[in-house]
Amino acid sequence: MTSPTARTRSAVPTWRVTETAGLETSWIDLGPHALTAHGRAAAAEPAPYWLDYRLETGDGFTTRRMHVTARTPDTTRTLDLRRDEHTGRWSVDGTERPDLTGALDCDLGLSPLTNTPPVLRHALHQRPGEHHFLMAWIRVPDLVVVPSRQTYTHLRRHPDGRATVRYASGDYRADLLLDTDGLVADYPGLAHRIA
């Protein structure tokens, strides 16, 4: 019998984040049902900041914990966002957040990394489907967490194994190009992978 950890693979994507004139690199351990990632994003616009983050997911790529530190010229903030896998309850810095009930994922603002877990959970990079989500969206750099309704729709699979998946939230739409692991290769208007 093959151990589940035997199928774990690593990736270290770097994205140029055009919206912030910045860069993000994430060190990702991607298993068959969960991932962990830690990374850093540096931004120049609209004001300089940098983030350190660590994401841990549980079974089905659902968020277990996201810890973020944000530094600006004036302040340093931290966020400890957690989801209890047994109850589904969320907390922000130890304070329960009932407005996030029903969410399975966090979404770090301006980061292409957090598009991956919902895609992997529903294999939207491999097959047709449309899924609606409530997300715990993290605004940066102030690290305020708000509920966000989002939709992901598989549009097509490319001959090279990559896929295009539409992301939508409110009136906003973007067709994301994903690699064979479900990681963002190109997010029009936001970021594109350079390594």
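How many Å apart are the mean positions of the positive and negative charges of the protein chain?

## Charges and surface

In this predicted model, the protein chain carries 23 positive and 24 negative charges, and the mean positions of these two groups are 3 Å apart. The accessible surface of the chain comes to about 9500 Å², and carbon and sulfur atoms account for 50% of that area.

## Overall fold and dimensions

The secondary structure of the protein chain consists of one helix and 16 strands. Its radius of gyration is 16 Å, close to the 16 Å that the globule rule gives for 195 residues, so the chain is as compact as a globular protein of that length. Taken along the principal axes, the box filled by the C-alpha atoms is roughly 50 × 40 × 35 Å.

When contacts in the protein chain with a separation of 6 or more are considered, 40% of them join residues that lie 24 or more positions apart in the sequence.

## The buried interior

Of the 195 residues in the protein chain, 48% count as buried. In soluble globular proteins, nonpolar side chains tend to be buried together. The largest nonpolar core of this chain has 48 residues, and the members that touch the most others are Leu51, Met66, Leu81 and Ile138. Strand S11, which covers residues 130-139, gives the most to this core, with five residues.

Leu51 can also be followed through its own contacts, leaving aside its neighbours within four places in sequence. Its partners are Gly39, Arg40 and Ala41, then Val68, Thr69 and Ala70, and finally Leu108, Val140 and Leu143.

Conventions:
Residues are numbered from 1 along each chain as its sequence is written. This is a predicted model: local features need pLDDT of at least 70, side-chain atom pairs count only at pLDDT 80 or more; totals for chains, interfaces and linings use all residues. Side-chain values use heavy atoms; hydrogens and water are left out. Helices (H or I, at least four residues) and strands (E, at least two) are DSSP runs, numbered from the N terminus. The radius of gyration is taken over C-alpha atoms; the globule rule is 2.2 Å times the number of residues to the power 0.38. Buried means under 20% relative accessible area, exposed over 50%, partly exposed in between (1.4 Å probe, protein chains only). Contact means heavy atoms within 4.5 Å. Accessible areas come from the Shrake-Rupley method with a 1.4 Å probe; for residues, only the protein chains shown count as cover. Lys and Arg count as positive and Asp and Glu as negative; His and the chain ends are not counted. The place of a charge is taken as NZ of Lys, CZ of Arg, CG of Asp or CD of Glu. A nonpolar core is a set of buried Ala, Val, Leu, Ile, Met, Phe, Trp, Tyr and Cys residues joined through side-chain atoms within 4.5 Å.
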